[in-house]
Amino acid sequence: PRNWLSTYSDTKIVAPNSIEYLYFLLEPTAEVTSIQLKVVILMNNGDEFIEYTDVFDATSVRQVVRFSAGFYQLGLQQLYAPEDVKSYTCYVIEQNFQSISVPRYFTMDISLCDSKFFIYENSKGGMDSLTATGRNVSEIEISKKFAEKHLAYNYTGQGLQFYNHGTTAIYNTSYSELVKSSIGYKNCDEVNALKDFLLSEKVWEYRIKDGIGKFFPVVVTTTKTLIYDELERFEYTFDFEYRYAFDYPVLQLDLTACKCCSCCDVVPMPDVIPVDDTPPPPPPPDDPENPVEIQKLPCNTVIESAGFGVKEWYVDLQSGGGVLCIDVDSLSFPVKFEIFHNGIRVATSGMTVSNAGPFDTADDDTNYPAADQYINTSKGSIPNRQAAFQTENGYNQNVQFQQLVWFRYTGADTLLDGRAIVRATNSDKDTAQNPYKLLQHCPT
């Protein structure tokens, strides 16, 4: 078993929303053809569960493989409530499910949700994460330049009650912020590893605003610091200072915005839905001035009779990239199925056009006789695209209905927009029941 490209200790206390990456040096051998991350989740009641990430081809040249390992990054909050999880452990396994890495242990602590999170390049060529739990103090510095100017002879009459701002003018105003922070109390191994954080030349702070996580480059300015020890707890800490890598002009800075919002509320926990056998009332007709909020498209669940006209669902994308694949069936009427990402069409159904278009941009249901993207057996034989899917994505996907429509995306796509939209456009608005079917295949 090989170690991770990390200077951090193998045991780490993290929050559910901590940003964690694991870098692994992959050296292909005849015995290893594919790898994936195995995650063993230990619950507070002693139960244990195992989850796996997507399979990664290990037959290419020597390279470093990065795994997302944060609780939310792995999507584990959709399966397990964070407050019920005691810890989780990550391993790299090969195609025969044998471990080829040492374990990395993550102990969950809900109280750390409001911590500051940092990512930094370490001295081994990978990247490590720091969850700073100590106190933070911001020191704001305003930079201004002043100029003296001459006043016109009729100055008092020109500016009315404001007098044109006088003889002294301010220009080239900028704003910068120095943050004094602390790593919080950690064990001896963690503190020794975090000396690499002070040495790193590339550091980012991870912040979440309006539900979107972003990495802000920072410069750690600390050149000398004291390490404090808490002998009774056998824990240690040190302070550090940093400033953002860019100075922001005052006119572009939103001083009312929340800069350190609570992260616990950003990723909502799934609601506990009680079992209720009472049939729901019929949905009210759509109000064009108050559109109904679209619903999440579940995976491995057949959607039938979804109403008439245009219907949309959203899908949360995986942080590290993946394939969103839907299986569609037009049944009685021609129907167009599309996938949108970041407001752009990225995939479409079609009688002859490929999954990647060209696209029908009419956005109405009267264009179906001419538009190739509307599929139905009344228009001819529908290609199922199974072979094209396997060629593009490297694995076979069984076709349950008439045709596959998919969107292959990367981690960069997810940072740009964490959701994709699946749209079905029926060819007959006068039909009360739209008898098409679609199914999202769960990611494997």
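## Salt bridges, cores and strand pairing

The count of salt bridges in this structure comes to 10. The model is a predicted one, and the account below begins with individual bridges before turning to the nonpolar cores and the strands.

### Salt bridges

The table lists three of the pairs.

| Basic residue | Acidic residue | Closest N and O atoms |
|---|---|---|
| Lys296 | Asp316 | 3.4 Å |
| Arg419 | Asp316 | 3.1 Å |
| Arg345 | Glu338 | 2.6 Å |

Lys296 forms a salt bridge with Asp316. Because Lys296 belongs to strand β18 (residues 295-296) and Asp316 to strand β20 (residues 310-316), this pair ties together parts that are 20 residues apart in sequence. Lys296 has a relative accessibility of 38% and counts as partly exposed. Asp316, at 31% relative accessibility, also counts as partly exposed.

Asp316 forms a salt bridge with Arg419 as well. Here the link is between distant parts of the chain: Asp316 sits in strand β20 and Arg419 in strand β25 (residues 419-426), 103 residues apart. Arg419 has a relative accessible area of 40%, so this residue falls in the partly exposed class, which covers values between the 20% limit for buried and the 50% limit for exposed residues.

The bridge between Arg345 and Glu338 has its closest N and O atoms 2.6 Å apart. Both Arg345 and Glu338 are buried. These two residues also take part in a network of salt bridges that links Lys336, Glu338, Arg345 and Asp360.

### Nonpolar cores

The largest nonpolar core has 27 residues, and Ile35, Phe67 and Tyr88 are those with the most contacts inside it. Five strands each supply at least two residues of this core: β2 (21-26), β3 (34-43), β6 (63-68), β7 (85-94) and β8 (104-108). Of these, β3 gives the most, with five residues.

What does Ile35 touch, leaving aside residues up to four places away in sequence? The residues touched by Ile35 are Leu26, Asp54, Val55, Phe56, Ala58, Val65, Phe67, Val92, Ile93, Glu94 and Ile100. Apart from the core that includes Ile35, there is another core of 23 residues, among them Ile303, Trp313, Leu324 and Tyr409.

### Strand pairing around β16

Strand β16 (residues 235-244) runs antiparallel to strand β14 (residues 212-220), and three bridges join the two. Within this region, Val218 stands opposite Tyr244 of β16. Strand β15 (residues 227-230) also pairs with β16 in the antiparallel sense, over four bridges. Ile227 has Phe238 in β16 as its bridge partner.

### The protein as a whole

The protein has five helices and 26 strands. Of its 444 residues, 40% are buried. Among contacts with a separation of 6 or more, residues 24 or more positions apart account for 71%. The exposed surface of the protein is about 25,000 Å², of which carbon and sulfur atoms supply 52%.

Notes: Residues numbered from 1 in each chain as written. Predicted model: local features only at pLDDT ≥ 70, side-chain atom pairs only at ≥ 80, totals over all residues. Heavy atoms only, no water. Salt bridge = Lys/Arg side-chain N within 4 Å of Asp/Glu carboxyl O. Buried < 20%, exposed > 50% of the residue type's maximum accessible area, 1.4 Å probe, protein only. Core = buried A, V, L, I, M, F, W, Y, C linked by side-chain atoms within 4.5 Å. Contact = heavy atoms within 4.5 Å. Areas by Shrake-Rupley, 256 points an atom, 1.4 Å probe, with all protein chains shown as cover. Pairing = 2+ DSSP bridges.
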